[in-house]
Amino acid sequence: MSDTAAPRARHAKHAKSFSRPPSKPRSGSSRGGRTAGGAKPASLWSDAWQDLRRRPLFIASAVLIGVILLMAVAPGLFTSVDPYDASTCRLGDARQAPSALHWFGTDNQGCDTYARTVYGASNSLLVGLCTTVATVAVGGLLGLVAGFRGGLPDALLSRVTEVFFAIPSVLGALLILAVFRAGTVWTVTLALAVLAWPMTFRIMRAAVITAKSQDYVIAARALGASNRRIMFRHVLPNSMASVIVVATINLGVFIAAEAGLSFLGVGIQSPEISWGLMIADARPRFLEAASPLLFPAAFLSVTVLAFIMLGDAVRDALDPKLR
Amino acid sequence: MNQSTPPIPAWGIPDPVRGVTGTEPLLAVDDLHVEFATRRGTVKAVNGVSYALNPGETLAVLGESGSGKSVTAQAIMGILDAPQARIPRGRIRFRGTDLLRLKEDARAQVRGRRIAMVFQDALSALNPVFTVGSQIAEMFRVHQGTSRRDAEARAVELMDRVRIPGARQRLHDYPHQFSGGMRQRIMIAMAIALDPEVLIADEPTTALDVTVQAQIMELLAEVQRDSGMGMILITHDLGVVADVADKIVVMYGGRIVENALVHDVYRTPAHPYTKGLLKSIPRVDRKGRELYAISGTPPNLLDMPPGCAFAPRCPYRQDNCTTEAPPLYRIGPTRGSACHYWREVLDGSHG
């Protein structure tokens with residue numbers, strides 16, 4: 001029978017992609033995990049997770065993100081110096097090269113660059129994460145509604161996003177931040193989220209429109225699924241992948257944008273510490289002392305890269321055909 | 001000669017759906033019209049189609065692409081694209097109730113539970129991100145509120161019933177990990193999950209290779225025999241029909257051109273289009289000879305010719321064919337033909 005070829009091919013493919021060994025396909029833990037997972041969409045996520053943890057790209061990015069997250073949450077683990085305490089800085093020690101005492105050297109104020117870089121992770125990550133959550137929540141939800149409903153809601157929301165697309169983003173952020181006197185993590189997050197949600201909206205809407213017209217949605221309707229069920233069980237899971245990928249990539253972009261705004265002087269303000277601010281502070285004397293600029297810049301690049309790699313790995317894992 | 005017989009529409013007005021026995025059929029489509037509004041004008045996809053289906057019966061709806069056979073099925077299911085499609089006239093009676101007059105939530109009660117559908121391409125008709133087991137189990141969970149564990153057990157039962165080898169092991173596989181034939185079996189399992197009274201199979205074997213086609217048709221016939229449901233089999237392949245169907249409706253240009261019991265059609269087609277279709281089936285005893293093809297192309301639904309839609313391609317064409325649309329003449333107790341010259345066609349078939 002022609003049908004017997006398929007399982008064999010499947011096993012071969014599985015073995016190749018380091019997935020479940022064919023000898024004991026779904027026994028014990030993996031099966032139990034699935035049924036214990038609660039709602040059925042859990043099988044999508046738990047399968048994606050099974051796949052993710054075998055990907056080198058994911059492991060590398062997860063380790064990097066884990067370290068940076070830890071820095072953000074508990075900077076005291078990494079350094080005994082508290083850079084928010086002005087007494088740790090001595091002007092006489094300004095612009096020292098890296099040494100055993102100051103691993104990354106010192107900056108223009110004689111503060112320890114390593115301690116400041118570690119403490120800077122928290123603000124940078126906070127802006128990135130909060131902005132991403134906000135854009136996915138607002139843009140994703142509105143995109144789902146617009147794509148699924150079509151007609152007037154879609155036309156209205158699409159025109160609104162076009163207005164946002166017409167605003168140059170740096171100019172828009174400058175304008176929004178100028179309204180608030182002092183830049184903080186929250187005003188920067190707000191400015192970035194206001195300007196970035198239309199992109200998530202667009203991606204979600206396009207994905208939903210594609211998913212909505214698929215045969216399996218028509219089939220689900222023909223087999224009696226309600227509108228709500230079609231929206232959340234058939235359309236949403238099939239459109240989430242692209243949004244999640246863009247969200248993880250954007251997370252890195254937002255961190256970089258925060259650095260950019262702080263560099264321009266409208267973002268997070270001293271005495272708060274952020275990587276962008278550190279780069280801005282170090283810029284005028286870069287030729288004399290490169291390390292106060294290079295180290296936060298390197299942390300910034302690595303963090304952005306880690307999130308982009310994570311996005312890639314998640315995209316692959318969420319598509320069952322690539323498993 | 002034709003003028004002497006007044007045209008008596010078969011299964012037409014006044015009461016077209018009572019079929020042969022005079023009792024209410026299971027499902028009756030009555031003078032159905034479906035139009036699509038497009039930028040280039042109104043496409044009249046279905047123009048006055050009537051057919052009836054009794055319990056335990058298989059009705060084959062035959063026709064080429066654009067003949068309106070699938071649109072009729074979608075109208076029955078109520079899954080036509082809402083803003084573009086309109087049903088200006090007609091009734092679809094299911095156990096005596098006109099489905100077209102039901103409210104949406106009442107219709108949703110019928111869909112899947114009492115009338116179910118099998119689609120042509122099972123790969124695209126199954127949700128790619130969920131395992132087949134969860135998709136079959138969903139039928140029970142949505143419609144009957146079955147618990148996860150029970151629904152899963154019943155999904156395995158169903159997969160066994162549609163002969164998927166190693167059903168329990170394959171429960172957690174994704175649609176793309178199955179071969180075409182196995183996927184269609186899963187589609188069938190989902191469709192029959194709730195013991196529907198009517199199963200509509202829209203070209204269920206078109207996307208499959210020939211040996212698998214036969215297996216799927218066999219499975220459908222067997223499932224139907226066991227459950228006693230009525231089945232509407234939509235196809236463009238006459239070869240598929242012969243063993244399975246009881247009645248045939250042949251559609252062309254959104255109209256029924258011939259309806260009859262299966263063996264009547266194969267023995268003596270009464271419409272030139274049906275005749276052409278039968279002649280174009282490849283046959284072993286004609287090996288080496290050129291395969292017959294109906295010349296010309298199907299009509300443009302945006303611009304239907306006046307008179308008989310098949311006239312431009314018809315070898316029996318006379319002058320009045322291009323001006324007068326033939327009604328569905330009743331030419332026997334169980335058959336009808338929408339051809340002014342059905343007698344000549346029948347005679348030609350005998351000779």
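**Helix α7 of chain B and the contact between chains A and B**

Helix α7(B) has 13 residues, which at 1.5 Å a residue should span 18 Å; the C-alpha atoms at its ends lie 19 Å apart, in agreement with that expectation. The model is a predicted one.

The surroundings of this helix were examined next. Of the 13 residues of α7(B), 12 are buried, so the helix is largely enclosed by the rest of the structure. The buried set begins with Gly181(B), Met182(B), Arg183(B) and Gln184(B). Arg185(B), Ile186(B), Met187(B) and Ile188(B) also belong to it. Ala189(B), Met190(B), Ala191(B) and Ile192(B) complete the list.

One neighbour of α7(B) is helix α8(B). Two packed helices are described by the angle between their axes and the distance between the axes. Helix α7 covers residues 180–192 of chain B, and helix α8 covers residues 210–227 of chain B. Their axes come within 10 Å and cross at roughly 15 degrees. An angle under 35 degrees counts as roughly parallel, and α7(B) is therefore roughly parallel to α8(B). The crossing of the two helices is right-handed.

The contact can be described residue by residue. From α7(B), the participants are Gly180(B), Gly181(B), Gln184(B), Arg185(B), Ile188(B) and Ile192(B). From α8(B), they are Val212(B), Gln215(B), Ile216(B), Leu219(B), Leu220(B), Val223(B) and Ser227(B). By class, this contact has seven nonpolar, five polar and one charged residues. Several participants from α7(B), including Gln184(B), Arg185(B) and Ile188(B), are also among its buried residues.

Chain A was considered as a whole. Chain A contains 12 helices and zero strands. Its pattern along the sequence is accordingly written α-α-α-α-α-α-α-α-α-α-α-α. Of the 323 residues in chain A, 41% are buried. Contacts in chain A between residues at least 6 apart in sequence were also examined; 67% of these join residues at least 24 apart.

The two chains touch. In this contact, 27 residues of chain A meet 36 residues of chain B. Four helices of chain A each supply at least two residues of the side that touches chain B: α1 (5–16), α3 (41–52), α9 (215–222) and α10 (227–264). The largest share comes from α9(A), with six residues. By class, the side of chain A that touches chain B has 12 nonpolar, seven polar and eight charged residues.

Methods. Residues are numbered from 1 along each chain as its sequence is written. Chains are lettered from A and ligands numbered from 1 in the order in which they are written. This is a predicted model: local features need pLDDT of at least 70, side-chain atom pairs count only at pLDDT 80 or more; totals for chains, interfaces and linings use all residues. Axes are lines fitted to C-alpha atoms, for helices over the stretch in contact, and angles run from 0 to 180 degrees between N-to-C directions. Angles under 35 degrees count as roughly parallel, over 145 as roughly antiparallel, 65 to 115 as roughly perpendicular and the rest as oblique. A crossing is left-handed if the near helix is turned anticlockwise from the far one by less than a right angle, and right-handed if clockwise. Two residues are in contact if their C-beta atoms, placed from the backbone, lie within 7 Å. Ala, Val, Leu, Ile, Met, Phe, Trp, Tyr, Cys and Pro count as nonpolar, Asp, Glu, Lys and Arg as charged, and the others, Gly among them, as polar. The expected span of a helix is 1.5 Å times one less than its number of residues. A residue is buried if 20 or more other C-beta atoms lie within 10 Å of its own, exposed if 12 or fewer, and partly exposed in between; C-beta atoms are placed from the backbone.
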